[in-house]
Amino acid sequence: MLEILFAGGWLMLPLLLSSILALAIILERFWALRINKVAPSDLLQQTLATPLTPELLQKLRNGSSLGRILAAGLSRRGQGTVRIREALQAAGSHEVHQLERFLSPLGSIAAITPLLGLLGTVVGMIDVFQQLDLSAGNAQQLAGGISIALITTAAGLTIAIPALVMHRYFLRRVSDLVVALEEESQKLLDRLTPQVPAEVHLQLDDDLVDKPTESSGAAWN
């Protein structure tokens, strides 16, 4: 294994570092994007069934991403629909930013490592042709030099392919989690916002219909 690394030249070092970084990001995101850590399914029901206290809000803030969003909305309870919605949106934007953490570097690794591998191959090929005595017609030496030069390309692709796959997977995972957070936030908003009964809507509509008629009659008289 070490012989392959040394044979690939100095560009194998950034490729090796990129592979270690990509593996660390993948493991960290697998741990961070667990459903029970981001949006536990029964958290909203448990929260609404518990008396609202400062201890409950602190517990929610120290828990999951959904808990922090719910705490932001509950802390504005009784301040009107607009204030509650703004608090939920602000907390939600922050949590989405945290969910997307490290995904940009992972995508960069998937894009850069094939180019580093190709660069290593080009540099290796240049070195081979500079050192090769073409007049001797040593095809075996040429083939050996080319195989060594291709090591960096193989290494770059070996790193880039799984990094790209996991980057796409995590983007989809974040998208699904964001949808779940939005649904739970809307449920909380519906519970905290006073609903106007249908009879009140009907009475308001009747008043709006009657008032213009009276004013129109007064104007004609």
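User: Hi! Going by its relative accessibility, does Glu184 count as buried or exposed?

Analyst: This is a predicted model, in which local features need pLDDT of at least 70 and side-chain atom pairs count only at pLDDT 80 or more, while totals for chains, interfaces and linings use all residues. Residues are numbered from 1 along each chain as its sequence is written, and side-chain values use heavy atoms, with hydrogens and water left out. The cut-offs are under 20% relative accessible area for buried, over 50% for exposed, and in between for partly exposed (1.4 Å probe, protein chains only). At 11% relative accessibility, Glu184 therefore counts as buried.

User: Which residues is Glu184 in contact with, leaving aside its neighbours within four places in sequence?

Analyst: Let's place the residue: Glu184 is in helix H10, where helices are DSSP runs of H or I with at least four residues, numbered from the N terminus. Contact means heavy atoms within 4.5 Å. Beyond its neighbours within four places, Glu184 touches Leu44 and Leu66.

User: How far apart, N to O, are the side chains of Lys187 and Glu184 in their salt bridge?

Analyst: Both residues lie in helix H10 (residues 151–192), three residues apart, about one turn of the helix. Lys187 has a relative accessible area of 40%, so it is partly exposed. A salt bridge needs a side-chain nitrogen of Lys or Arg within 4 Å of a carboxyl oxygen of Asp or Glu. Here the N to O value is 3.3 Å.

User: How many residues apart in sequence are the parts that Glu95 and Arg68 tie together?

Analyst: Glu95 and Arg68 form a salt bridge, with their closest N and O atoms 2.8 Å apart. Glu95 belongs to helix H7 and Arg68 to helix H6 (residues 65–74), so the pair links parts whose separation in residues is 27.

User: In the salt bridge between Arg29 and Glu28, how far apart are the closest N and O atoms?

Analyst: A search of the whole structure finds four salt bridges, and Arg29 with Glu28 is one of them. Arg29 counts as buried because its relative accessibility is 2%, whereas Glu28, at 28%, counts as partly exposed. For this pair, the closest N and O atoms are separated by 2.6 Å.

User: Good to know! Which helix gives the most to the largest nonpolar core?

Analyst: A nonpolar core is a set of buried Ala, Val, Leu, Ile, Met, Phe, Trp, Tyr and Cys residues joined through side-chain atoms within 4.5 Å. The largest has 43 residues, and those with the most contacts inside it include Leu60, Leu106 and Phe170. Helices supplying at least two residues each include H2 (12–32), H4 (43–48) and H5 (54–61). With 13 residues, the most is given by H10.

User: Which helices do the buried residues of H5 pack against?

Analyst: Leu56, Leu57 and Leu60 are buried in H5. Seen down the helix axis, the buried residues fall within an arc of 100° (taken from the directions from the axis to the C-beta atoms), so they line one face of H5. On the other side, Pro54, Glu55 and Lys59 are exposed. The buried residues pack against H4 and H6.

User: What is the phi of Phe102 near?

Analyst: Phe102 lies in the loop between helix H7 (81–99) and helix H8 (103–131), and at 32% relative accessibility it counts as partly exposed. Most residues other than glycine have a negative phi. Phe102 has a positive value, near 70°.
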